[in-house]
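Student: I should like to learn how to read the features of a structural model in a systematic way. Could we take them one by one?
Tutor: Certainly; let us begin with the model itself.

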Amino acid sequence: MPQQVYKLLPETIETMKTYYMKTLQSPPQGAVFRAKTPNAVITAYKSGKVLFQGSDPEAEAEKWADGKQASPKKPKNNGKNNSFAPPETLLAGGHIGSDEAGTGDYFGPITTAAVFVKKNQIELLKELGVKDSKNLSDDSIRQTAQNILTLDIPYSLLVLRNEKYNKLQKRGWSQGKMKAILHHYAITNVKSKIDSSETEGILIDQFCEPAVYKRHIASENEQMHDRMFFKTKAESYSIAVAAASIIARTSFLKEMDHLSKIAGFTLPKGASGKVDQAAARIIKTRGQEELNNYAKTHFANTKKALNRQ
Ligand code: MN
């Protein structure tokens with residue numbers, strides 16, 4: 001039986017679990033999840049190892065190629081752990097943080113925010129309750145975003161709406177590439193608003209290996225910014241990333257409100273069975289073409305919605 005083995009980042013495995021929600025099976029011992037699609041059986045282990053076995057394992061595996069961990073065989077930079085890990089001086093000083101929202105949601109855009117926080121604003125932002133948006137309710141996220149935006153904080157917010165997303169996806173862009181390009185331009189915008197001497201550097205909430213990020217940027221003839229750092233769950237360490245995460249999430253919520261309004265009913269977040277139902281409703285009342293304006297149509301939800309017709 002053909003098979004593929006990837007070593008994937010923990011956050012990629014989390015995204016996969018949501019993505020394959022409808023096809024989950026009971027996992028074998030030590031596994032995080034197991035899913036079965038027409039192409040392959042996918043088994044993800046706590047070690048990050050993910051096994052794709054079946055008639056066409058590549059078809060499933062390649063969807064997640066951006067979330068690969070660097071090969072452990074590669075020599076690490078002179079024994080130093082990771083040259084892309086942010087130094088303490090970055091987190092304690094003025095820096096740019098960047099994060100995105102909407103990537104695991106079938107409906108709605110990807111929103112990306114980059115935010116510059118000065119050293120002397122860190123404490124104030126903490127007092128305003130700026131922290132990881134994953135731990136905040138939607139309402140308190142909106143409120144906190146409003147509070148942030150009353151301060152003098154340079155930021156850039158980019159929204160990749162569904163029509164454009166689907167166009168890029170059909171042109172062969174992975175979601176990882178879209179995210180990398182969005183982060184890159186958001187950071188470029190913020191940098192143009194500030195004096196580079198004010199910032200210790202840039203921190204991205206890591207969604208792929210830095211080398212992969214660099215490759216995506218290069219593929220659009222751009223250059224990765226200097227003093228770029230990557231860290232998973234960066235919003236828990238960096239107030240700038242936490243602020244970016246809140247602004248991106250609030251924008252995503254607003255976009256979802258807007259799309260729900262034109263759809264005539266509330267579009268659910270995520271990628272679960274409820275989402276399939278909502279997609280089926282749009283197909284039934286407006287035709288499949290219309291999904292293009294609301295959803296990331298390459299997600300498995302589209303097929304499931306069509307099967308409900
Ligand atoms: Mn993130």
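Student: In which order do the 5 strands of the open sheet lie?
Tutor: In general, strands of a sheet pair through backbone hydrogen bonds, in a parallel or an antiparallel sense. In this predicted model, the order is β1-β5-β4-β3-β2, with antiparallel pairing. β1 (3-7) and β2 (24-25) are the edge strands, each pairing on one side only. Between β1 and β5 (residues 49-53) there are 5 antiparallel bridges; Gln3, for instance, has Gln53 in β5 as its bridge partner.

Student: Which helix packs on the sheet?
Tutor: Helix α1 (residues 10-19) does, touching β2, β3 (31-36), β4 (41-45) and β5. The direction of α1 makes about 40 degrees with that of β3.

Student: Which residues coordinate the manganese ion?
Tutor: Asp99 and Asp205 do so through OD atoms, at 2.0 to 2.2 Å. Asp99 belongs to strand β6 (residues 95-101) and Asp205 to strand β9 (residues 202-205), so that the pair, 106 residues apart, links distant parts of the chain.

Student: Is Asp99 buried or exposed?
Tutor: Asp99 is buried, because its relative accessible area is 3%, under the 20% cut-off. Asp205, at 10%, also counts as buried.

Student: Where does the largest nonpolar core lie?
Tutor: Domain 1 (3-72) and domain 2 (88-256) both contribute residues, so this core lies between them. Of its 80 residues, Met16, Phe107, Tyr213 and Leu267 touch the most other members. Helix α9 (residues 239-263) gives the most, with 12 residues. The contacts of Phe107 include Phe252, Met256 and Leu267. A second, separate core of 6 residues includes Leu90 and Leu203.

How values were computed: Residues numbered from 1 in each chain as written. Predicted model: local features only at pLDDT ≥ 70, side-chain atom pairs only at ≥ 80, totals over all residues. Heavy atoms only, no water. Pairing = 2+ DSSP bridges. Helix = DSSP H or I, 4+ residues; strand = E, 2+ residues; numbered from the N terminus. Contact = heavy atoms within 4.5 Å. Axes fitted to C-alpha atoms, helices over the stretch in contact; angles between N-to-C directions. Donors = N, O, S within 2.8 Å, 3.2 Å for Na, K, Ca; no water. Buried < 20%, exposed > 50% of the residue type's maximum accessible area, 1.4 Å probe, protein only. Core = buried A, V, L, I, M, F, W, Y, C linked by side-chain atoms within 4.5 Å. Domains from an automatic or database assignment. Lists of a residue's contacts leave out its neighbours within four places in sequence.
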